[in-house]
Structure formats: structure tokens, C-alpha cells
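These are my notes from going through one model, entry by entry. I looked up the ligand site, then two helices.

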Amino acid sequence: MKYTAGIIGLGSCVPDRIMNNFDFEKIMDTSDEWIRTRTGIKERHIVSEGEANTDISIKAAKRAIEDAKIDPKDLDLIIVSTITPDTVLPPTSCLIQEMLGATNAAAFDISAACTGFIYALTIATQFIENGMYKNILVIGAEILSSITDYTDRTTSILFGDGAGAAILSRVDEGGILSTYIGADGSGKDYLFIPAGGSRLGTSVQTIEQNLHTVKMAGNEVFKFAVRKMEEASLEAIKKAGLKLEDVDFLIPHQANIRIINSSAKRLNMDMENVYINIDKYGNMSSASIPVALDEAYRKGKLKKGDNVLLVGFGGGLTWGSTMIKWNL
Ligand code: COA
């Protein structure tokens with residue numbers, strides 16, 4: 001028997017501390033005006049000394065569980081999408097499992113950079129559809145400030161910290177109509193962290209050479225993003241058996257307002273129906289889409305029966321999209 005998966009609860013959390021564009025003016029050669037006009041970002045939330053991934057992802061998770069009105073013991077699986085876990089071992093999902101007392105849940109992390117939440121949602125959807133699991137907690141959570149080079153003005157101004165969570169379950173009405181994911185490893189050099197893995201571990205030299213932070217070819221990523229946001233969107237729409245004009249609301253990955261605007265234009269979307277919060281948070285990688293989804297939902301922007309499209313792209317390179325008939 002094939003079941004339908006749907007989101008039955010959402011939650012999000014960002015750290016309290018805010019770093020605005022004027023704070024960057026004090027530490028590097030940049031300006032509020034440049035950052036706002038080139039990226040759409042005004043401020044981002046950044047963890048304080050001692051705060052880590054699970055300090056915020058647990059709050060997002062608890063909010064989603066409360067919203068779904070389930071008990072943590074009802075969870076069958078926890079998937080955390082992150083490139084900034086508390087520790088490489090154990091997985092952050094296992095830390096969350098213990099914190100929640102979700103003793104019946106299996107747990108694992110996935111790494112697909114900014115597309116991670118869509119990848120995790122796609123995995124979770126399979127487990128629900130094939131009947132293996134009933135309730136799955138999917139988290140997208142990042143502490144990008146921990147891998148950001150605050151001497152590099154071309155990358156540091158873009159990133160922020162945050163966490164978003166969703167409970168996926170069997171639904172009778174609406175739910176996930178289609179998911180689509182893709183990757184192109186030939187774009188590996190456009191967005192990467194040189195050291196800290198098994199290829200180049202941590203040493204005095206790697207730290208001195210600043211090899212543990214994100215390096216990016218901004219223009220290349222920009223061109224790829226605009227192309228893939230459109231392609232991925234059309235793919236999920238087609239797989240759902242819908243047409244472009246059937247999309248009621250678009251929740252795009254929040255990387256740059258110019259990428260969002262040009263993707264929305266290519267998709268012929270009215271900007272009223274596109275959710276934007278990049279001004280407040282910057283790019284939070286795999287947390288961007290679930291935080292935006294949670295905000296749109298809580299602000300009443302998503303109506304039952306709406307066709308809601310999630311679309312993202314990121315390092316890898318990776319991309320993906322999900323078409324949901326809103327069921328809440
Ligand atoms: N403040 C002031 N000037 C800056 C700056 C900053 N923070 N960052 C870059 N500049 C300068 C550059 O040095 C360059 O100066 P030059 O012309 O004297 O060489 C100039 O601004 C233009 O740089 P450019 O890189 O062409 O700017 P851009 O309009 O492409 O914007 C990004 C740069 C990074 C904002 C943009 O390329 C982008 O958003 N790319 C996608 C990144 C992304 O989405 N990454 C995450 C993927 S999930």
C-alpha cells in the first residue's frame with residue numbers, strides 16, 4: 001500500500017544575537033549600501049560564544065513536535081541536514097534524539113549543503129510512502145558562522161545561523177505531490193571548504209592558511225543558481241502533474257535577493273506569492289527553506305489546498321524542489 005506524506009507540524013529558531021551590515025563596516029572594507037543592493041541582506045543572526053547547532057535545532061524541533069501534537073516517542077526517524085554539526089561523531093541527529101527522549105526513532109545526518117532540507121524531505125517522503133515509518137522529524141540546521149571567514153568580504157556578508165524543522169507523517173488530504181533532486185559534482189570547486197576532512201585534516205598549517213572556511217566563486221554560483229532554480233521548479237511541477245500557473249506560493253532558498261527575483265520572474269510568479277526573509281537572516285544554507293516555510297505558515301500565507309513549491313540549490317553542486325498541496 002502506498003501512503004501520502006505531508007507536513008503536519010513546523011518550527012524554527014534563530015540565535016538571539018544579530019550582526020547587521022554596519023557591524024561588517026567596522027571590520028572590513030564594505031558598506032551597508034553595497035550589501036543591501038547586491039544581496040538583499042540587512043542583518044543575520046549569529047550564535048554567541050559557546051552556542052552550537054543543537055542549542056537552536058532542539059528548539060526548532062520541539063516547536064515542530066508541539067505544532068504536530070505528537071509525542072517525541074511517536075517519532076520513527078530523525079534526519080538532520082547540516083554541514084555544521086555539533087561534532088562529526090556522533091551525528092547531530094543522535095544528539096537531538098537523546099534531547100527529545102525520542103527513544104523509538106532511528107537517526108542520521110545528511111550533507112547536501114543548501115539543498116539539504118529538500119534532500120532530507122525527499123528521503124523522509126520515501127519512508128512514509130512505502131509504509132516503513134509513520135512520523136519523521138526533518139531538521140535543516142546550520143551554524144554557518146563557524147565556517148565563515150570574517151576577513152573575506154565576498155562570502156562573510158552572506159551567511160547566518162538558524163534552524164528549521166518539520167514533522168512528516170501520513171496524511172489523508174493533500175501532502176507532498178512530488179520531489180526532485182539533482183547534483184553535478186563537476187561544480188565542486190565553486191563552493192567548498194578545503195580542509196577538515198580525510199583529504200586534508202586539521203593541522204597548524206591548515207589553520208594558519210585559513211583552510212577551514214567556505215571558499216566560493218560567487219559569479220559562477222550565481223549563474224548556476226538562476227538556471228537551476230527555474231529548471232528544478234519546472235521539474236517538480238511536471239512530476240506533480242501541474243502547470244506553472246497552478247503554483248500558488250513559492251518558497252525559494254534565500255541566497256541572494258537578485259537570484260530570487262530573477263527566478264521568480266522566469267517562473268512568472270507574482271512577488272506577493274514569493275516568500276522572502278533574506279533581509280533578516282542572510283543565507284542559512286539548509287535552514288533557509290524550513291525557516292521560511294515555518295514563517296510563511298505562521299503568518300497565514302499558506303492556505304489549505306494551495307500548491308506550495310519549495311526550491312533550492314547549493315554546494316556540491318546540488319539542487320532540488322518539492323511540490324506540496326498544503327494540508328494544514
Ligand atoms: N563589499 C563591497 N564590495 C564588495 C563586496 C563587499 N562585501 N564583495 C565583493 N565586492 C566587490 C568585489 O571585490 C568587486 O570589486 P571589483 O569590481 O573592484 O573587483 C565588486 O564588488 C563586484 O564583485 P562581484 O563578485 O562581481 O559582485 P556580485 O555582484 O557578483 O556579487 C555575490 C557577489 C557573492 C553577492 C554574488 O555573486 C552572489 O550572491 N553569488 C551567489 C552566491 C551564493 O548564492 N552562494 C551560496 C550558494 S547556496
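Entry 1, shell by element. I asked which helix gives the shell around the ligand its largest share. Helix 7 does, with four residues. The model is predicted, and I read the entries below with that in mind. Helix 7 spans 218–239, and I also listed helix 2 (32–39), helix 8 (257–266) and strand 12 (307–314), since each of these elements supplies at least two residues of the shell.

Entry 2, shell by residue. I counted 22 residues around the ligand. Thr 30, Arg 38, Cys 114, Asn 219 and Asn 256 are the closest. Sorted by class, the shell holds 10 nonpolar, nine polar and three charged residues.

Entry 3, shell by domain. I checked where the shell residues sit in the domain assignment. Domain 1 (5–173) and domain 2 (177–325) each contribute at least three residues to the shell.

Entry 4, polar contacts of the ligand. I looked up three pairs.
- Arg 38 places a side-chain N or O atom 2.6 Å from an oxygen atom of the ligand.
- Asn 219 has a polar side-chain atom 2.7 Å from an oxygen atom of the ligand.
- Arg 153 uses its backbone instead: an N or O atom there is 2.9 Å from a nitrogen atom of the ligand.

For cover, I noted that the ligand on its own has 970 Å² of accessible area, and the protein covers 73% of that.

Entry 5, Thr 206. I moved to helix 6 (residues 204–208), where Thr 206 is located. Is Thr 206 buried or exposed? Its relative accessible area is 3%, and buried means under 20%, so Thr 206 is buried. The side chain of Thr 206 comes to 2.9 Å from the backbone nitrogen of Ser 203. Leaving out residues up to four places away in sequence, I found Thr 206 touching Ala 195, Leu 200, Gly 201, Leu 211 and His 212.

Entry 6, helix 10. How many of the 11 residues of helix 10 are buried? I read 10 for residues 288–298, so helix 10 is largely enclosed by the rest of the structure. The buried residues run through Ser 288, Ile 289, Pro 290, Val 291, Ala 292, Leu 293, Asp 294, Glu 295, Ala 296 and Tyr 297. Among them are the acidic pair Asp 294 and Glu 295, which I flagged for my own list. After helix 10 comes Gly 300, with a positive phi near 75°.

Conventions:
Residues numbered from 1 in each chain as written. Predicted model: local features only at pLDDT ≥ 70, side-chain atom pairs only at ≥ 80, totals over all residues. Heavy atoms only, no water. Near = heavy atom within 4 Å. Polar contact = N/O pair within 3.5 Å; in protein donor to acceptor, adjacent residues only side chain to side chain. Areas by Shrake-Rupley, 256 points an atom, 1.4 Å probe, with all protein chains shown as cover. Nonpolar A, V, L, I, M, F, W, Y, C, P; charged D, E, K, R; others polar. Domains from an automatic or database assignment. Buried < 20%, exposed > 50% of the residue type's maximum accessible area, 1.4 Å probe, protein only. Contact = heavy atoms within 4.5 Å.
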